[in-house]
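Visitor: I am new to this structure and would like a close look at one part of it. Please start with the bend in the long helix, and then go on to the rest.

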Amino acid sequence: MEQLEGMKALAMAIVVGVGVFGPGLGIGILVSKALEAIGRNPEASSDIRSTMILGVAFTEALAIFAIVVGFIIKYV
Amino acid sequence: MEKGIAIHLAPQAVFHIGSLAITSTLITSWLTVAVLVLFAIYFRNSVRLVPGRLQVTMEALVGGAYDYVQETLESETLARRYFPIIMTIFFFVLATNWIGLLPGVTSIGIWGVSHGHEALIPFFYPVNTDLNVTIALALIAFFTIEVAGIIALGALRYGGKFINFHSPLAFFIGIIELIGEMARLVSFSFRLFGNIFAGKTLLLVAIFFVPLVLPVPVMAFELFVGAIQAVVFALLTLLFTKLAIAEPH
């Protein structure tokens with residue numbers, strides 16, 4: 001029983017750690033490209049910003065799913 | 001874990017009315033609503049032709065937000081229709097996040113039995129660390145978005161975005177859109193919950209290990225995170241509303 005608890009804690013840590021890796025890279029790339037675009041064309045900055053935030057939300061959702069899976073492993 | 005840092009996911013019940021558990025997060029959210037309503041009444045009565053400092057700040061905040069909503073939705077009537085709920089979400093999330101950082105929240109309470117062992121049950125607790133609250137907010141945002149889509153396009157055309165039989169590919173894409181729509185409920189609620197819960201835990205760990213100086217910058221960071229999450233929640237409601245009222249193609 002102790003071992004199962006330990007494995008669950010470990011599994012949650014791995015799930016969250018690995019699951020956040022991809023979205024972290026993705027959001028970094030996304031925002032850097034958006035900043036480049038704003039730098040090239042400052043007039044379109046409000047359009048670019050709202051599209052960027054939508055993209056960030058979709059990417060971030062993946063990290064959130066990883067955390068949800070982590071919670072399910074730990075508590076269900 | 002029992003001795004050192006108290007971290008728990010489920011909210012603690014302070015007392016019960018019948019079978020309804022009155023949790024510390026529920027009390028804090030009532031307090032937040034009271035603060036917001038009292039502020040609104042006070043502000044309503046103190047509006048002057050020559051604005052004071054508070055009035056200038058609020059006018060810049062609300063007016064700027066209104067201009068942004070109008071610019072995004074590209075219509076005066078739509079902005080008038082959806083601005084109130086978006087701004088209400090923003091103010092509620094902001095107020096709950098910031099009230100959760102006040103001294104006394106999480107530390108004033110009574111000793112009692114919660115979740116099977118004796119613990120301090122606080123009267124006030126950061127509201128958004130309770131998944132019930134964030135799921136309720138996510139449901140409000142979700143139904144606002146869906147109803148906005150149905151009003152703008154009609155039930156049949158809006159439903160046609162998700163289930164249509166033009167071609168196998170369109171059908172498949174529609175189903176994926178439908179799943180994405182449902183996944184918003186999860187991402188909306190867990191984004192807010194995760195950020196505030198992680199922030200509270202980080203603060204707790206900082207106070208536990210380095211009680212003197214370290215909690216101050218962490219606290220400042222949490223103020224920032226609370227504001228950002230409020231903006232993100234309101235902004236995503238706005239942008240998803242814009243997607244929902246867009247013509248299907």
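Guide: In α1(A), a kink of about 25 degrees lies at Phe21(A), shortly before the proline Pro23(A). The model is a predicted one, and the kink is a feature of that prediction. The helix that carries the kink, α1 of chain A, runs over residues 2-40 and has 39 residues. From the first C-alpha to the last, α1(A) reaches 57 Å, close to the 57 Å expected at 1.5 Å a residue.

From that helix we can pass to the place where the two chains meet. There, 11 residues of chain A are in contact with 12 residues of chain B. On the chain B side, the elements giving two or more residues are α2 (53-73), α6 (168-209) and α7 (215-245). The largest share of that side, six residues, comes from α6(B). Sorted by class, the side of chain B that touches chain A holds seven nonpolar, three polar and two charged residues.

Next comes the nonpolar core. The largest such core has 39 residues, and those touching the most other members are Ile86(B), Ile89(B), Val93(B), Phe233(B) and Ala234(B). Both chains contribute: α2 (45-75) of chain A supplies at least two residues, as does each of α2, α3 (76-99), α4 (131-153), α6 and α7 of chain B. The most is given by α7(B), with nine residues. Take Ile86(B) as an example. Apart from its neighbours within four places in sequence, Ile86(B) is in contact with Val69(B), Ala234(B), Thr237(B) and Leu238(B).

A residue of another kind is Ala60(B), which sits in helix α2 of chain B. Ala60(B) has 11 other C-beta atoms within 10 Å and therefore counts as exposed, the cut-off for that class being 12 or fewer. The C-alpha atom of Ala60(B) is separated by 18 Å from that of Ala95(B), 35 residues apart along the chain.

Chain B as a whole has seven helices and four strands. In sequence order, these elements follow the pattern β-β-α-α-α-β-β-α-α-α-α. Chain B has 249 residues, of which 27% count as buried. Along the principal axes, the C-alpha atoms of chain B fill a box of roughly 60 × 55 × 40 Å. Among the contacts in chain B with a separation of 6 or more, 64% join residues 24 or more positions apart.

The pattern of chain B opens with two strands, and these can be followed residue by residue. Strand β1 (residues 13-17) and strand β2 (residues 20-23) of chain B pair in the antiparallel sense over four bridges. Within this pairing, Ala13(B) stands opposite Thr23(B), and His16(B) stands opposite Ala21(B). Together β1(B) and β2(B) form a hairpin with two residues between them. In the turn, Gly18(B) has a positive phi of about 60 degrees.

Conventions: Residues are numbered from 1 along each chain as its sequence is written. Chains are lettered from A and ligands numbered from 1 in the order in which they are written. This is a predicted model: local features need pLDDT of at least 70, side-chain atom pairs count only at pLDDT 80 or more; totals for chains, interfaces and linings use all residues. Two residues are in contact if their C-beta atoms, placed from the backbone, lie within 7 Å. Ala, Val, Leu, Ile, Met, Phe, Trp, Tyr, Cys and Pro count as nonpolar, Asp, Glu, Lys and Arg as charged, and the others, Gly among them, as polar. A residue is buried if 20 or more other C-beta atoms lie within 10 Å of its own, exposed if 12 or fewer, and partly exposed in between; C-beta atoms are placed from the backbone. A nonpolar core is a set of buried Ala, Val, Leu, Ile, Met, Phe, Trp, Tyr and Cys residues joined through C-beta atoms within 7 Å. Two strands pair if DSSP finds at least two bridges between them. The expected span of a helix is 1.5 Å times one less than its number of residues. The bend at a residue is the angle between axes fitted to the seven residues ending there and the seven starting there.
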